[in-house]
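Trainee: Could we take a close look at one spot in this model? I'd like to start with a single serine and then see what the rest of the chain is built around.

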Amino acid sequence: MVPELETILDLVPALRSGPTRVTPLVHGLTNRNYRVDAGDESYVVRVSGANSALLGIDRDREHAWLRVAAAAGVGAEVVAFLPERGVLVTRFLSGRLLGPEDSRDPAVMRRVVEAVRRCHEGAAGPGSFCPFRTVREYHSAARTRGVAFPDTTGRALALLARIEQALGADATPCPCHNDLLPSNFCDDGATVRIIDWEYAGMGDRFFDLGNLAVNHGYDAEQERALLALYWGDIRSEHVMRLRLMRLASDMREAMWGFLQAGISGLDFDYAGYGRRHLERFLSGCRAHGIDRD
C-alpha cells in the first residue's frame with residue numbers, strides 16, 4: 001500500500017470499517033486517485049497534486065461545491081475532507097465513466113444534459129469562473145516559470161480577446177462545473193452524475209455547454225440536439241454563444257496544459273496537450289471566420 005494511504009486510512013473512520021482493498025485509479029491529470037473498498041462500502045480517495053493552487057483550484061471551494069452537487073443529486077457524497085493533507089474522500093459512484101463517443105448516443109446525451117441542467121439550476125456556491133480571465137492568468141503564470149510557447153500563441157490570445165468582445169457582457173451567473181470531460185460523467189444507465197468539481201464556480205452556462213460540446217466531439221447537428229435538450233428549442237443566439245465558448249474552452253485547455261508543463265510532477269506530456277488544443281482553437285477560429293482581419 002502507498003505509505004500516504006496508510007495514514008489516511010487511520011484518519012478516516014469510514015475507511016477502517018472492515019477489510020480494505022486499495023486500487024489506483026488512472027482517471028485524472030492533476031491528482032492521485034484511489035478506490036478504497038472497506039467492508040461492504042466503496043470510496044474514492046483523492047490526494048491533491050502539488051501546486052494545484054496555481055491552476056486556480058481552491059480545495060475549500062471545491063469541497064463546498066461537492067456538497068452543493070451532492071444535495072442536487074448530481075455529485076458524489078462527501079465522506080471526509082482533510083485540507084491539511086490535501087485529501088478528499090467521496091463515496092464511490094456505481095456506473096461507468098463515459099468515453100469520448102458515449103454521449104453522442106441520444107439516450108446518453110439526454111442523461112448528460114439533464115445532469116448539467118441540474119447543476120445549473122442548483123444552489124449557488126462560492127467563487128466565480130471566467131474562461132477569459134483564466135486563460136490570461138494561466139499564460140502569465142506559465143511565462144513566469146519559463147514555459148516555451150508556440151509562435152502562434154500571441155495570435156491566439158488576440159483572437160480570444162475578439163471572442164470575449166463578441167460575447168459581450170457576462171450572462172447572469174449560475175452554478176457551473178467548467179470541466180465537462182467525458183470521464184467526469186458517471187452513468188449508471190438511469191442517471192448521470194458528475195465528478196471532479198475542482199474548477200466549479202458561478203459562471204456562464206454557455207461555457208459549460210461549449211466545453212461539453214468540444215470535449216465530447218459533437219458536430220453541428222449534435223450541438224443543436226444538445227441545445228434542444230437543454231432549452232426545449234434552438235435559437236440562433238444560443239448556437240452562436242455555444243460555438244464561441246467552445247473555442248474559449250480549447251484555449252483554456254491549451255493554457256492549462258502549458259502551465260501544467262511548468263508545475264506538474266506527473267508523467268504526462270502536458271506541453272503536447274497544450275499544443276494540440278492551441279492548434280484546434282486556431283483551426284476553429286479559421287472555420288468560423290474569427291481570424292479574418
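Trainee: Does Ser183 count as buried, partly exposed or exposed?

Mentor: Ser183 counts as partly exposed, because its relative accessibility is 23%. The cut-offs are under 20% for buried and over 50% for exposed, with partly exposed in between (1.4 Å probe, protein chains only). Keep in mind that this is a predicted model: local features need pLDDT of at least 70 and side-chain atom pairs pLDDT 80 or more, while totals for chains, interfaces and linings use all residues. Numbering runs from 1 along each chain as its sequence is written, and side-chain values use heavy atoms, without hydrogens or water.

Now, where does that serine sit? Ser183 is in the loop that runs between strand S7 (174-176) and strand S8 (185-187); strands (E, at least two residues) and helices (H or I, at least four) are DSSP runs numbered from the N terminus. If you pick Ser140 as a landmark, 43 residues away along the chain, its C-alpha atom is 29 Å from that of Ser183.

Next, the interior. The largest nonpolar core (buried Ala, Val, Leu, Ile, Met, Phe, Trp, Tyr and Cys joined through side-chain atoms within 4.5 Å) has 67 residues, and the members touching the most others are Ile163, Phe185, Trp197 and Phe281. Helix H8, residues 236-263, is the biggest contributor to this core, giving 13 residues. There's also a second, separate core of 15 residues, with Ile8, Leu9, Val45 and Val47 among them.

Phe281 is a good one to click on. Beyond its neighbours within four places in sequence, Phe281 is in contact (heavy atoms within 4.5 Å) with Ala156, Leu159, Leu160, Ile163, Leu247, Asp250 and Met251.

That brings us to helix H5 (residues 153-167), which packs against H8 at about 145° with the axes 10 Å apart. Axes here are lines fitted to C-alpha atoms over the stretch in contact, and angles run from 0 to 180 degrees between N-to-C directions. On the H5 side of the contact you'll find Thr153, Ala156, Leu157, Leu160, Ile163, Ala166 and Leu167, and they meet Arg241, Leu244, Met245, Leu247, Ala248, Met251 and Met255 of H8.

One more helix pair to look at: the axes of H3 (residues 106-120) and H6 (residues 205-215) come within 11 Å and cross at roughly 160°. H3 brings Val112, Val116 and His120 to that contact, and H6 brings Arg205, Asp208, Leu209 and Leu212.
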